[in-house]
Amino acid sequence: MIFLGQPREEKLARAHDAAWLERAGMLWLVAGCLVLGLFPVQVIEPIGQVTQMLVGHNLADTVRANGWFLLAPMSVERASYAPLVFLVVGAASFYLAIIIVRVLYRGRLRRAVPWDCGYPAGNARMQDTAEGFGQPIRRMFGPFFRMEIKLPSPFDEKPSYGVTIDDHFWHWIYLPIARLTEAVAKQVGRLQQGRIAVYLLYSFVTLIAMLVLVRL
Amino acid sequence: MSWSGLFSQLLEILVALVLAPLVTGWVNQCRAWLQNKSAPSLLLQYRMLRKLFHKESVVAEHASQLFRTAPYIVFGCMTMASGIVPTLSTDLPLSPAADAIALVGLFAFARVFISLAAMDIGTAFGSLGARREMLIGFLAEPALLMVLFSASLITKSTSLTSIAETLAHREFVIYPSLAFAGVAFTLVSLAENARVPVDNPTTHLELTMIHEALILEYSGRHLALIEWAASLKLFAYSCIGLTLFFPWGMAEVGSPQQLILALPVLVLKLAIGGAILALIETASAKMRIFRVPEFLATAFMLAVIGMLVHFLLGA
């Protein structure tokens, strides 16, 4: 998997985007994020009823008291956030940058090959993958996982790289429990020899035992 | 929102835009002096920006629109950030709209865009830079938030202007929790602004680059915007530090005449801060990339200790 970047296989060069209906499916998620980000006060109102039922406290009243565009959960002095103002000022600073550049300097633009650091034979196969992107973070949290990394040697004809990540808890807690259960089950399984005579014997022994118990 | 508030808000953004390259120039000058070199002019940054703006932009063949838009977004974010942080006055109309948490989000937004733009070309260096930037970012952000929370626990507010006002009006005492937070903030701001020991802003070695690898493909006006934004980020971070730990000398609501005095005070504070930054940079060596998590984990831990100290001692 590659994030942005160039296609790594020949057939991928002809790859095209999904149809607009499929992409429109994403729009719902985008719209949800936008509504949540830009109109938090309105979103908190319905959620407030849920917290009212669960913990007996509702944030909606204090939030509503500060107006529809300013989110202040306790009071404006404590913490506040006005998403629309934030957006407008952000957009204004973005256009300020455009004005500075476009009005003051009408620069030209030229296309060229990207910087290759003296190695022009680089191709799309050499670019980073998602694997590489997450590697530093994964390495940092290495002690928390059980990792097996298969690194190719420089002399491999067909080098392959693989990494399997496991959970320590799986090996420390769950697998021992599973093994114990399996061992117990195996012992229990010995009782089930699968012959009718043995089962009859079990019933007979149980009956005798019960009779002895009742008798006592 | 009053007219004087609007005026101080606009003045603050303007001062940030003008002063930011000067701060970077000053730090570079101090670094050169400390390294026994003859220092470049204080105005070198302005000249470099002017030169870059006049040059043509060379854009890689595969670059999409994202690559060309990102510098504007990053510049816009940093301009807005320096408008949120109180530098000259605490009478800022933008302050209720965005508190310290929104500010951290704004920095993160800029980081995401610069990383996306770096990956857009599809060369190894771009994604190397993006990967490292994200590694540092996701470690530095919680530490920065903890520092801001330490200050907001004392002042009972996450708004930077209220923090500055409350701290400036109290009698001068050294808060133990703020002392811890101050050390943590120094570590975080070194990492966030790509300074030694985490990154070297003047490096030419591709393999050790972080911030420079991100912007390797930029040139001309795009690079000028990115460089300006980097200066603005250093300026904004310095001003966050000054707001949290040295909030004296700012104009307040109802007294805009104090703005006249606030500017020289700000310049003086930034000059001292810049000299200290240059001293730290000269005295330390750049560390390996896998040492950076330890460095930032220390910052996070110190910030958390600051918060715990606040709860234990109530100060």
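I will talk about how chain B and chain A meet in this structure, which is a predicted model.

Let me start with chain A, which is divided into domain 1, covering residues 11-105, domain 2, covering 131-166, and domain 3, covering 170-215. The C-alpha centres of domain 1 of chain A and domain 2 of chain A lie 38 Å apart.

Turning to the interface, the size of such a surface is often given as the accessible area lost when the parts come together. Here chain B and chain A bury about 4600 Å² between them, with 66% of that area on carbon and sulfur atoms. Of the area that chain B buries against chain A, 14% is supplied by B:Glu56, B:Tyr72 and B:Arg131, which is more than any other three residues give. In terms of residues, the contact takes 58 from chain B and 44 from chain A.

B:Glu56 comes up again among the polar interactions, since its side chain meets that of A:Arg110 in a salt bridge, at 2.7 Å from N to O. The count of salt bridges between the two chains is two, and 13 residue pairs are in polar contact, both residues being at pLDDT 80 or more. On the side of chain B that touches chain A, α3(B) gives the largest share, 10 residues, and the residues of that side divide into 33 nonpolar, 14 polar and 11 charged.

Finally, the backbone: strand β1 of chain A, residues 109-112, is joined to β1(B) by four bridges, and the two strands run parallel. Within that pairing, A:Leu109 has B:Ser57 as its bridge partner.

How values were computed
Residues are numbered from 1 along each chain as its sequence is written. Chains are lettered from A and ligands numbered from 1 in the order in which they are written. This is a predicted model: local features need pLDDT of at least 70, side-chain atom pairs count only at pLDDT 80 or more; totals for chains, interfaces and linings use all residues. Side-chain values use heavy atoms; hydrogens and water are left out. Domain bounds come from an automatic or database domain assignment. Contact means heavy atoms within 4.5 Å. Buried area is the accessible area (1.4 Å probe) that two parts lose on being put together, summed over both. A salt bridge is a side-chain nitrogen of Lys or Arg within 4 Å of a carboxyl oxygen of Asp or Glu. A polar contact is a pair of N or O atoms within 3.5 Å; within protein, one must be able to donate a hydrogen and the other to accept it, and residues adjacent in sequence count only if both atoms are side-chain atoms. Ala, Val, Leu, Ile, Met, Phe, Trp, Tyr, Cys and Pro count as nonpolar, Asp, Glu, Lys and Arg as charged, and the others, Gly among them, as polar. Two strands pair if DSSP finds at least two bridges between them.
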